[in-house]
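Here are my notes on this one, jotted down while going through it. Have the viewer open as you read, and take the points one by one.

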Amino acid sequence: MIVVALLLASVGAADLVRRPAGGRLRTVELPFLMALAVYVLGGAMLGLERSGIWTLLPAMAIVMLWLTSQPRQGVWGPLALAAGLAVALLFGQHVPRTEAPIGSWYADLEIPAIETLDLDTAVLGLGIVLFLLQSANVVVRAVLRRAGPAVLDEERELQGGRILGPIERVFIFAMALAGQYAAVAAVMAAKGVLRFPEISRDPGDGTRAEYVLVGSFVSWALAFATVPFF
């Protein structure tokens, strides 16, 4: 799972530092460098051997495709990431590793919430959280765009989705792992109550309701999709 964790953390960190077009740095430069640093430093801290560094090349190719596909809101970036994660799940356990340099430091942490988690599981959880914070929004927008430009245009009318979405996903991920599905259901119900006044003012073509429903279900599905990793 270590390659899966590093890939998710790299993509998530890249999107967290992404600047809008027209900033001092071009859109891809800083995010790509951040992804590269996260993968290399993370791999070194987790005991990834030099012979396993070959995984860096396909991982960074996926990151670059992910970043360059975003201005066009295409599906190639998400598809490449999904394919990369599938390959990492199948063959990642064969990547050579040594004892993790931060293993003893992690073992000495006196945090009750992570006492039962081994280092790899904790790092995987961190990588998933980094992905859910911002990168999952990219997937949601790609799906909304496939639903139609008019649906995606509702983003200008319905504010807060980019802020509420990450909070919802991280909460659902944490509660699902803990088996607290009643709390997950409460969040979903609260989302419906929160958005109902805006949906009720739909201009009549149904695009506002479609935006909320498609966006919410895709966002929730991404959170639930990460649970089987554990």
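1. Start with a helix pair. Helix 1 (residues 2–16) packs on helix 3 (residues 56–69) at an angle of about 35°, and the two axes lie 10 Å apart. The crossing is right-handed. On the helix 1 side, the contact is made by Leu7, Ser10, Val11, Ala14 and Asp15. Helix 3 answers with Ala59, Met60, Ile62, Val63, Trp66 and Leu67. Sorted by class, that contact holds nine nonpolar residues, one polar and one charged.

2. Now the overall picture; bear in mind that this is a predicted model. The chain has 10 helices and zero strands, so with helices and strands taken as DSSP runs, the pattern along the sequence reads α-α-α-α-α-α-α-α-α-α. Of the 230 residues, 42% are buried. Take the contacts with a sequence separation of 6 or more: 75% of them join residues 24 or more positions apart.

3. Next, the core. The largest nonpolar core has 46 residues, and Met60, Trp66, Leu81 and Phe131 are the ones with the most contacts inside it. Two or more residues come from each of helix 1, helix 2 (29–45), helix 3, helix 4 (76–91), helix 6, helix 8 (161–177) and helix 10. Helix 6 is the biggest contributor, giving 11 residues. As background, nonpolar side chains in soluble globular proteins tend to be buried together. Two of those core residues will look familiar from point 1: Met60 and Trp66 are also part of the helix 3 side of the contact with helix 1.

4. Phe131 is worth a click. Which residues does Phe131 touch, not counting those up to four places away in sequence? They are Leu8, Val11, Gly12, Trp66, Leu81, Ala136 and Val139. Among these, Val11 and Trp66 belong to the contact of helix 1 with helix 3, while Trp66 and Leu81 are listed with Phe131 among the core residues with the most contacts.

5. Staying with helix 6 (residues 119–147), have a look at Asn137, which sits in that helix. Is Asn137 buried or exposed? Asn137 counts as buried because its relative accessible area is 9%, and the cut-off is under 20%. The side chain of Asn137 has a polar partner: a polar contact of 2.8 Å joins it to the side chain of Arg169.

6. Helix 10 (residues 207–225) carries two aromatic residues I'd check. Tyr211 is in this helix and is buried, at 11% relative accessibility. The C-alpha atom of Tyr211 is 6.9 Å from that of Leu144, although the two are 67 residues apart along the chain. Trp220 is in helix 10 as well, and is buried with a relative accessible area of 8%. Leaving out residues up to four places away in sequence, Trp220 touches Glu168, Ile172, Met188 and Lys191. Trp220 and Gly165 are 55 residues apart along the chain, with their C-alpha atoms separated by 8.6 Å.

7. Just past that helix comes Thr226, in the segment after helix 10. Thr226 is buried, with a relative accessible area of 7%. Beyond its sequence neighbours up to four places away, Thr226 touches Ile128 and Phe173.

8. For contrast, try Phe171 in helix 8. Phe171 is partly exposed: its relative accessible area is 34%, which falls between the 20% and 50% limits. Apart from residues up to four places away in sequence, Phe171 touches Ala183 and Val187. C-alpha to C-alpha, Phe171 and Val129 are 9.9 Å apart, with their positions 42 residues apart in sequence.

9. Last one: Arg97, in the loop between helix 4 and helix 5 (103–107). Arg97 counts as partly exposed, at 30% relative accessibility. Where does the side chain of Arg97 reach at 2.9 Å? To the backbone oxygen of Leu46. Setting aside neighbours within four places in sequence, Arg97 is in contact with Ile2, Leu46, Gly47, Leu48, Glu49 and Asp120. Glu49 is 48 residues from Arg97 along the chain, and their C-alpha atoms are separated by 5.0 Å.

Definitions and conventions. Residues numbered from 1 in each chain as written. Predicted model: local features only at pLDDT ≥ 70, side-chain atom pairs only at ≥ 80, totals over all residues. Heavy atoms only, no water. Axes fitted to C-alpha atoms, helices over the stretch in contact; angles between N-to-C directions. Helix = DSSP H or I, 4+ residues; strand = E, 2+ residues; numbered from the N terminus. Left-handed = near helix turned anticlockwise from the far one by under 90°. Contact = heavy atoms within 4.5 Å. Nonpolar A, V, L, I, M, F, W, Y, C, P; charged D, E, K, R; others polar. Buried < 20%, exposed > 50% of the residue type's maximum accessible area, 1.4 Å probe, protein only. Polar contact = N/O pair within 3.5 Å; in protein donor to acceptor, adjacent residues only side chain to side chain. Core = buried A, V, L, I, M, F, W, Y, C linked by side-chain atoms within 4.5 Å.
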